[in-house]
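Colleague: Could you take me through this structure slowly, beginning with one residue and ending with the whole arrangement?

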Protein chains: 2
Amino acid sequence: MQVTHVVIFYSQLNQAAEEYAEWAQAMEALVESQPGFVRAHSFRNAEGFGVTLSYWDDLSSIRQWGRHSEHAKAQAYGRETAYLNFRIEWAQILGSSDSERA
Amino acid sequence: MQVTHVVIFYSQLNQAAEEYAEWAQAMEALVESQPGFVRAHSFRNAEGFGVTLSYWDDLSSIRQWGRHSEHAKAQAYGRETAYLNFRIEWAQILGSSDSERA
């Protein structure tokens, strides 16, 4: 299987959300065990605006993760408490180029 | 026209590259005037690992920007001086979901 899809998750963190680090850590650990998950990269700037890019083998794996029961609890926490707003995009990778291979 | 494509550019900055901020600023200003460009978001962590996501109306606009003469100079500077390594991916957006619309 090859990596074919990326999920781009932007969020504006409510910096008063004290339990966020624990939730984020738990979800990072859980997503790594999901079928079809390949890797993820997260960034957040000083203003609390961040992005997580996660890579998946296929769309059905993304959908399955979207419905995972523990993930659903985290989503509710994110919506209700941790994030002031967020945006999710999913996309199919068409090509890539890497300085290592150049 | 609707936003249909995203370019994901990861880079590991050579933190000794003193002119990087000026180059980055010049390219940010230039890309905004390109046909088909919609918006971009950039993040870089304390270790110098960063990502820029740029959104475009279509693939041909992305290709045109890739061949822009001033951009080509910046690419050479990036390859030779500013970046220890980098990776570019381009993808077609399949869908999105936004907390603002929820």
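Modeller: Let us start with Asp98(B), which counts as buried because its relative accessibility is 17%, where buried means under 20% relative accessible area, exposed over 50%, and partly exposed in between (1.4 Å probe, protein chains only). This is a predicted model, in which local features need pLDDT of at least 70 and side-chain atom pairs count only at pLDDT 80 or more, while totals for chains, interfaces and linings use all residues. Residues are numbered from 1 along each chain as its sequence is written, chains are lettered from A and ligands numbered from 1 in the order in which they are written, and side-chain values use heavy atoms, with hydrogens and water left out.

Colleague: With which residue does Asp98(B) form a salt bridge?

Modeller: A salt bridge is a side-chain nitrogen of Lys or Arg within 4 Å of a carboxyl oxygen of Asp or Glu. Here the partner of Asp98(B) is Arg87(A), with the closest N and O atoms 3.0 Å apart. Arg87(A) lies in strand β4 (residues 83-98) of chain A and Asp98(B) in strand β4 of chain B, so the pair joins two chains; strands (E, at least two residues) are DSSP runs, numbered from the N terminus.

Colleague: How is chain B related to chain A?

Modeller: Two copies of a chain are related by a rotation about an axis and a shift along it. In this model, a turn of 180° and a shift of 0.0 Å along the axis lay chain B on chain A with an RMSD of 0.0 Å, the copies being superposed by least squares on the C-alpha atoms of residues with pLDDT of at least 70 in both. That is the relation of a two-fold axis, and the C-alpha in chain B nearest the axis is that of Gln92(B), 2.6 Å from it.

Methods
Helix = DSSP H or I, 4+ residues; strand = E, 2+ residues; numbered from the N terminus.
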